[in-house]
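Me: I'm trying to get a feel for how side chains pair up in a protein model. Could you take a close look at one part with me?

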Amino acid sequence: MSSHVNSPYALRVRDLAHRPGEMREHTLDIEVPDAMGAGVIAVRQGASMQIDLRLEGLHEGVLVSGHASAEAAGECSRCLIEISEPVEVDFAELFAYDASEDFDFFVHDDHVDCEQVVRDAVVLALPFQPVCRPDCPGLDPVTGERLADIGEQRAHEVLDPRWAALQSLTSDSTDTQTTEGQERSEADQAD
């Protein structure tokens, strides 16, 4: 027997094969054997997934359509805290009887293995840059603290390093002007 028959996504379709018009429904509750997604968020290995399937016999093969739901876990792309969010996807694919180049999936040993179809649908539904909330302010660029935790703060003045040498001139001239201003006001008060 082939290894795809042992897959938790595989279903026997002998009763539907070459019987157009026959239909059957299944619900699979599986533990995800391999993680789905490799980015900031993914359906992790061992997560539970529910798949509602409808199998229909056609002349060319077996039409598999369904709905999969699971929980994706990862981290916020702005503030890096752990997040989880539900993933709900619909899919449909024809598993052909003949191995021709017109189809991507085939019935093997009276079984259809839906793993690649489900995996493709789930991975495409995952957000590219997940956030903990739509208005997540992210991290403070200077301290690295979560801005949501520290609240409103005075904005840090960032000095362009190319102008750093001029900073000493600015502070010297400000001190000189302040000293001259104090001398004038003292002279005015003496009069």
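Which residue's side chain meets that of Arg-14 in a salt bridge? Please start there and then follow the other pairs.

Reply: Sure, and keep in mind that this is a predicted model. The partner you're after is Asp-110: its side chain and that of Arg-14 meet in a salt bridge, with 2.9 Å from N to O. Now look at where the two sit. Arg-14 is in the loop between strand E1 (10-12) and strand E2 (23-31), while Asp-110 is in the loop between strand E7 (105-106) and strand E8 (111-113), so this pair ties together parts that are 96 residues apart in sequence. Asp-110 counts as partly exposed, at 25% relative accessibility.

As background, side chains of opposite charge can pair when their charged atoms come close. In this model, the count comes to 6 salt bridges, so let's visit a couple of others, using a cut-off of 4 Å between the nitrogen and the oxygen. Asp-15 forms one with Arg-24, and here the closest N and O atoms are 3.4 Å apart. Asp-15 is partly exposed, with a relative accessible area of 34%.

Next, hop over to helix H1, which covers residues 115-125. There the side chains of Glu-115 and Arg-119 meet in a salt bridge, at 3.1 Å from N to O. These two are 4 residues apart in the helix, which means about one helical turn separates them. What about burial? Buried means under 20% relative accessible area, so Glu-115 makes the cut at 19%. Arg-119 is buried too, at 16%.

Charges aren't the whole story, so try the rings. The model has 1 aromatic pair, formed by Phe-95 and Phe-105. Their ring centres are 5.4 Å apart and the planes are at 40 degrees to each other, making the pair tilted. Phe-95 belongs to strand E6 (residues 82-96) and Phe-105 to strand E7, so the rings tie together parts that are 10 residues apart in sequence. Phe-95 is buried, with just 2% relative accessible area, and Phe-105 is buried as well, at 16%.

One last stop is Gly-46, in the loop between strand E3 (41-42) and strand E4 (48-57). Gly-46 counts as partly exposed, at 37% relative accessibility. Leaving aside residues up to four places away in sequence, Gly-46 touches Glu-31 and Val-32. Along the chain, Val-32 is 14 residues from Gly-46, yet their C-alpha atoms are separated by 5.0 Å.

Conventions. Residues are numbered from 1 along each chain as its sequence is written. This is a predicted model: local features need pLDDT of at least 70, side-chain atom pairs count only at pLDDT 80 or more; totals for chains, interfaces and linings use all residues. Side-chain values use heavy atoms; hydrogens and water are left out. Buried means under 20% relative accessible area, exposed over 50%, partly exposed in between (1.4 Å probe, protein chains only). Rings of Phe, Tyr and Trp (its six-membered ring) pair if their centres lie within 6.5 Å; planes under 30 degrees apart count as stacked, over 60 as edge-to-face and the rest as tilted. Contact means heavy atoms within 4.5 Å.
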